[in-house]
Amino acid sequence: MPKLLIESFYTEFSVSEIIAALFKTAVSKQFSFSAWRLPLQDTLQLSVTFEKEIIPENFPLENAPAGFIMHPFSVSGKNLAYFLKADLLFEADLKAEEISGDNLTDSKFAEEFLSTLKTELLTPETDSNWHVADSDIQATSRSDFEALVENAILFIKKSEAEKIVPSRTAQQPLPPHFSPVAGFINLTQQYPLAFVSLVSASKIGTWLGASPEILVQKDRHNIFKTMALAGTQKLVSGQNAADAIWRQKEIEEQSMVVRYIISCFKKIRLREYVETGPRTAVAGNLLHLRSDFCVNLNEQPDFPTLTSDMLHLLHPTSAVCGQPKAAALDFLHEHENYDRKYYSGYLGPVNVNAETAIFVNLRCLELQKNEAILYAGAGVTQDSDPQKEWLETELKMQTVAKALQILPLPDDTATGY
């Protein structure tokens, strides 16, 4: 069992060294590796998958084994949805320097993996490799993005669309001897309120992120949660979040997401839920407007598949796509001119320790061999300013760039907030 192995080496290696060895062993064996830290938690969860599974649309979560889901913004032949079954599952506490694990499979690969892990711990290498997926993505220029925003504003004024969420990319070189595990740990320390993740698998590639947005969650007490998160402004040093002043544009943008969630509840005839907010929420260096929705499934036995049902109804939410969904998707497919891949898709643990917590894949980057591809988007309404939307994406990219320590903050005087 992994737990016995970890305990036998406990006094010789730090927890961070063991996590790094787990990652390198998984990659060297062409296995999948997932690591995550839930908001406001001290413990990290680590999973190794021997054989990943392509999943269909409307994948049922409720009866799935423990694992990690990775779903793209939209499924194509290149970007499939995967379920990464937790064959080996570890729990680590960096502060307490404790790590334990369980072997959840009888796979023939388990013994081989543990043998290689032992070798990796005894003979660590300075450099690390990771899974890299094919990519032809080019960085989006400022002029191209602002033109895209202008097109979105015109589209909204001439059509039924209320909101479009265009996105863009940036490319940044990786620092020498960059370690994905070190980047992951750095993000957990920088953003205690975020869902921080590191996923590395063939075909998927390697993704780091610190997402502020729950898509669907069901805890061990059978409580379902989702949220409406939209509207963005910079968090000013020394500012009390509760004192933030919001423009009508951001208020309306967030209310669209609220209305969309309620419309999904109506589609499945769920009437009993608790809504709180909107309130100002801190997400790294940014502020957002947030409303929370909660359903006690113990009191609603007629909705045993609520988590799966709402997941498939919500994605992609108006916060990453637009409103109405069909019109927004049509615009993005015609004008965005690049493949988002797993950015603004969703990811998270499924039935791990009797809980499921799936987040929108925001504030994320994709690792190539020598560079990182950063992704960000901005909610556009008819009142948007293309220059401010560009600067909003700059601020959002800064969140995850702290894993790399390579991207400076935009000039404070240029934000317009």
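**Close-up views of a predicted model**

**View A. Buried residues of helix 3 in the predicted model.** In helix 3, the residues that count as buried are Ala110, Phe113, Leu114, Thr116, Leu117, Glu120 and Leu121. When the helix is viewed down its axis, these buried residues fall within an arc of 165 degrees, so they line one face of helix 3. An α-helix has 3.6 residues a turn, so residues three or four places apart point the same way. Helix 3 itself comprises 14 residues, 109–122, and its span from the first C-alpha to the last is 20 Å, close to the 20 Å expected at 1.5 Å a residue.

**View B. The surroundings of Val48 in strand 2.** Val48 belongs to strand 2, which runs over residues 43–49, and with a relative accessibility of 1% Val48 counts as buried, because that value is under 20%. When neighbours within four places in sequence are left aside, Val48 is in contact with Ala26, Phe31, Ser32, Phe33, Lys85, Ala86, Asp87, Leu88 and Phe113; of these, Phe113 is also one of the buried residues of helix 3. Val48 and Phe90, which are 42 residues apart in sequence, have their C-alpha atoms 8.7 Å apart in space.

**View C. A nonpolar surface patch that includes Leu193.** Leu40, Leu193 and Val282 together make a nonpolar patch of about 280 Å² on the surface. Leu193 is located in the loop between helix 5 (180–190) and strand 10 (195–201), and its relative accessible area of 49% makes Leu193 partly exposed.

Technical notes:
Residues are numbered from 1 along each chain as its sequence is written. This is a predicted model: local features need pLDDT of at least 70, side-chain atom pairs count only at pLDDT 80 or more; totals for chains, interfaces and linings use all residues. Side-chain values use heavy atoms; hydrogens and water are left out. Patches are made of residues with over 30% relative accessible area and no salt bridge: like charges are joined within 9 Å, nonpolar side chains (Val, Leu, Ile, Met, Phe, Trp, Tyr) within 5 Å. Accessible areas come from the Shrake-Rupley method with a 1.4 Å probe; for residues, only the protein chains shown count as cover. A salt bridge is a side-chain nitrogen of Lys or Arg within 4 Å of a carboxyl oxygen of Asp or Glu. Helices (H or I, at least four residues) and strands (E, at least two) are DSSP runs, numbered from the N terminus. Buried means under 20% relative accessible area, exposed over 50%, partly exposed in between (1.4 Å probe, protein chains only). The expected span of a helix is 1.5 Å times one less than its number of residues. The arc is that of the directions from the helix axis to the C-beta atoms. Contact means heavy atoms within 4.5 Å.
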